[in-house]
Amino acid sequence: MSSPRPNDNAAPLVSVVIVNFNGRHHLERCLPSLADTVGVSFETIVVDNGSGDGSVDWLGEHVPDVRVLALGANLGFGEANRRGVEAALGEYIAFLNNDTVVTPAWLGAMLSAIAADPAIAAVCATLRLLDHPELLNARGGGMTWLGYGYDPDLGVPYDPPGVPGTVIDTIFPTAAAMLIRRDEFVACGGFDPAFFMYHEDVDLGWRLWLLGRRVVVAPDAVVFHAWGGTTRSAAGLAWKERLGARHNLRTLIKHYEPYNLARALKNLVKLWVRARAWGRMTHVLAWNLWHLPGTLAWRRRLQRARKVTDGELVDRGLIADAPVPPPAPDVPIGTVERDHADWIPTPLLLPGYHSGLGRLGHGWYGRTTTGGGRWFRWTAPRALCHLKVEPGSTGELAVELMRPAAAGGADAVTVSCNGESHAVAVERDAWCEVRAPARADARGLLAVEIACDEWVPHRVRADWDFRRLGCAVRQVRFIASPASPPRSYRSVSIVLPTYNRWPILAETLDALAEQSWPALQVIVVDDGSTDGTFERLQAWRNAHAGRLDLTVLHQANLKPGRARNHGLRHATGDLVVFLGDDTVPAADFVERHVARHNAIGDTVAVLGFTDWHRARMHVTPFLELVNLDGQQFSYGHFEDGEDLFFTCFYTSNISLPRWVLGDDPFHPAFTFVDWEDTEVGYRLSRRGLRIVLDRAPVAHHVHPMTLSSFYRRQEHVGRTVEVLLALHPELASNDAMPPLEPRGWHAVSRLLVPPLVPLLSAVDRLGVRLPTSLYRFVLLSAFFTGRRQGFARHVATTGAGA
């Protein structure tokens, strides 16, 4: 048992309760910061929910003065906290998440706030993002009129508090870091024991307000939080949403007055029906029906004791007028200090495209598109982005933006570059270009902030859009003065891995020998073929000496990603073209790639058009679909010259500057075929590389497939996506990825679809075109089947769950 930390002022004892489940890596940061807390007498209690990562042993060895309650099983967040409160010695209870890092004065500031006003029942800290400390995670909790809790200030730049000791009312105290009197927590019922985890703090805060008590956030109490650290996987997010939805309904039944409860229930059902969320609705209703007697007992007690009406909470702004949480600005996926050295120098940033992902700072909402297909992003009132250009270069920033007349406010935006601000007039309701002077710093960086008056669309348009917006931005461009010369490319290296495909590979080599572009190097890497490919390559090279600069390499069967890395080590061209070993290029293939790069004049990747080799294979309606619709290639979704998703980094026909790739760009984790090129495309896009479609460099794909064989391939794609998500968990919510959480209907389709696949395949071979929706359904079912298998394997291997 730990000893309370002394304090010279003999302040009341605070018991800090931390619930832990497989969070040793979090505790290793949290507890040392907690030990530096000043000005408060406190004890620390860690309640372990049956961790399997050695947390309990680590606690006993490294922090023996911390009290550990080892429960031996995962009893959930609420129950674990209740056990901690039962064991606590303090007059006050501070609930603290294990994935936090506290500042020395965090606890003292909350204790001062709650002690200063007897009407205050609970106080929470101001949460800043641990990975982005310049941004807020939460400044107290918000709640919509349908009961959903959210963080209204997520992603907003953090500004130090003004007058010390001030507090701000909030509907609920964020349980990641909050303080409450022990006796009051117990007397009001504490966290609802029916909640395994999620929504406990919303329920508690709302209850305290109805009982006539006050809940506040203390701006002086600052805690850093690894927001989303345990639920970034697709399965984790879905599980969180399901638990949150069922607990929300119970909270609504307990708290609302009759009329508002009926209104909320009606609109919740409408939301589920519109979203076709049948599985979630069934789960939520069944769970709440099971718990209904206990819920009604809570309701009777609370309604008899309530002192505040629903209307009063609405009037105070504690219940928001939005039905569901408004989208928050995207949290940046990287940091300038960590990532800028890897950014690709380019004068252009397109916020609505994936090439802008890594250079967007705070204040950018999810991307959207106009009717013409160009993608853009809305900003918050303040939005930050970065460009990387030649160090010390001077010129102008040109920002293409639009601010609606309905937004009101000033007819100007403020554009700041590296701290120098300029107010610029804007035209309303039309895309316009505003300019401001700019000078890059010694690292070549331009930190660009766009600021304008805030507006909320619903308040002027009644369109249910409750985002706090600034303006829409399509591009940010740096115009150097004097202008920089455009990049020009001459020599080309083609890198081509191969495995057991000699007949079509020989045809590909013949086509490469006939290319119209003279400065061409071809590197073929035999990936452990067993059909004599390596020997045949050597013989072909000897027989065609002088026709083609051919380098022949060999390695064990390490799969195409590792083979491309091997080939790149020998590439000497200005440009690298990745080509498939079953892909025959047209005679002007290389020339067209080079021409496109030189026409653009910037550092980009160019994706050529890969069509089926119609003279060599039977192209069925199904094969036509997968080449255009995204299951194999997505050519049907993009126009020529358009910027593409990172998922379109197709290594069957793509070119880019050699220097961009560096050493060994393909990750060794991909010990199979699939996803290795997507992973490279994502990392290059984060660095600022645009992928541009050009249909002129044509290659013809010789890969006969049936619907049955492609179905099996999609199962493999679903199984192996877990490797990609382990490297980049943030991709679970990226709009370019396929849906990762199996739909409710998959429980039936995984039984019914496989027996039908041979029949559908036979029909396809007859040339009968089936509905596109049917093809999509079958292939998505295959992907989900593989996804379930892959996730189960991942859990079995790593012990990780939702």
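**Figure 1. Environment of Lys254 in helix α7****.** Lys254 is buried, its relative accessible area being 0%; buried denotes under 20% relative accessible area, exposed over 50%, and partly exposed the range in between, with a 1.4 Å probe and protein chains only. The structure is a predicted model, in which local features need pLDDT of at least 70 and side-chain atom pairs count only at pLDDT 80 or more, while totals for chains, interfaces and linings use all residues. Residues are numbered from 1 along each chain as its sequence is written, and side-chain values use heavy atoms, with hydrogens and water left out. Helix α7 spans residues 234-255; helices (H or I, at least four residues) and strands (E, at least two) are DSSP runs, numbered from the N terminus. The side chain of Lys254 forms a polar contact of 2.7 Å with the side chain of Asp192. A polar contact is a pair of N or O atoms within 3.5 Å; within protein, one atom must be able to donate a hydrogen and the other to accept it, and residues adjacent in sequence count only if both atoms are side-chain atoms. Apart from neighbours within four places in sequence, the residues in contact with Lys254 are Asp192, Asp203, Arg207, Thr295, Trp298, Arg299, Leu302 and Gln303, where contact means heavy atoms within 4.5 Å.

**Figure 2. Trp287 in helix α9****.** Helix α9, comprising residues 278-290, contains Trp287. With 11% relative accessibility, Trp287 counts as buried. When residues up to four places away in sequence are not counted, Trp287 touches Ala194, Phe195, Arg246, His247 and Arg250. Between Trp287 and Ile114, the C-alpha to C-alpha separation is 36 Å, and the two residues are 173 residues apart in sequence.

**Figure 3. Buried residues of helix α3 and their cover****.** In helix α3 (residues 77-87), the buried residues are Phe77, Gly78, Glu79, Ala80, Asn81, Gly84 and Val85. The elements covering these residues include the strands β1 (13-20), β2 (41-48), β3 (67-70) and β4 (92-97). Helices α5 (182-187) and α6 (200-210) are also among the covering elements.

**Figure 4. Open sheet of 4 strands****.** The strand order is β16-β21-β18-β19, with antiparallel pairing; two strands pair if DSSP finds at least two bridges between them. Strands β16 (382-388) and β19 (420-425) are at the edges, each with a single partner strand, so one side of each has no neighbour in the sheet. From one strand to the next, the twist averages 20°; axes are lines fitted to C-alpha atoms, for helices over the stretch in contact, and angles run from 0 to 180 degrees between N-to-C directions. Strand β21 is largely enclosed by the rest of the structure, because 5 of its 7 residues are buried. Antiparallel pairing of β16 with β21 extends over 7 bridges, and His386 has Ala447 of β21 as its bridge partner. Strand β18 (residues 412-417) is joined to β21 (residues 445-451) by 4 bridges, also in the antiparallel sense. Opposite Thr414 stands Ala451 of β21, while Ser416 has Glu449 as its bridge partner.

**Figure 5. Pro404 in the loop between β17 and β18****.** Pro404 follows strand β17 (394-402) in the loop leading to β18. This proline is buried, with a relative accessible area of 2%. Leaving aside neighbours within four places in sequence, Pro404 is in contact with Trp378, Arg428, Asp429, Trp455 and Arg461. Arg614 is 210 residues from Pro404 along the chain, and their C-alpha atoms are separated by 50 Å.

**Figure 6. Open sheet of 8 strands with helix α17****.** The strands follow the order β25-β24-β23-β26-β29-β28-β30-β27, and the pairing is mixed. At the edges are β25 (549-555) and β27 (583-585), each with a single partner strand, so one side of each lacks a neighbour in the sheet. The twist averages 30° from one strand to the next. Helix α17 (residues 589-600) packs on the sheet and touches β23, β24, β26 (575-579), β27, β28 (604-612), β29 (653-657) and β30 (690-701). The direction of α17 makes about 165° with that of β30. Parallel pairing over 7 bridges links β23 (residues 492-498) with β24 (residues 520-527), and Thr498 stands opposite Asp526 in β24.

**Figure 7. Cysteine sulfurs****.** The whole structure contains 0 disulfides, a disulfide being a pair of cysteine sulfur atoms within 2.5 Å. For Cys471, the closest cysteine sulfur is that of Cys452 at 4.1 Å, too far for a bond. For Cys188, the closest is that of Cys124 at 15 Å, likewise too far for a bond. Cys471 is buried at 0% relative accessibility, and Cys188 is buried at 11%.
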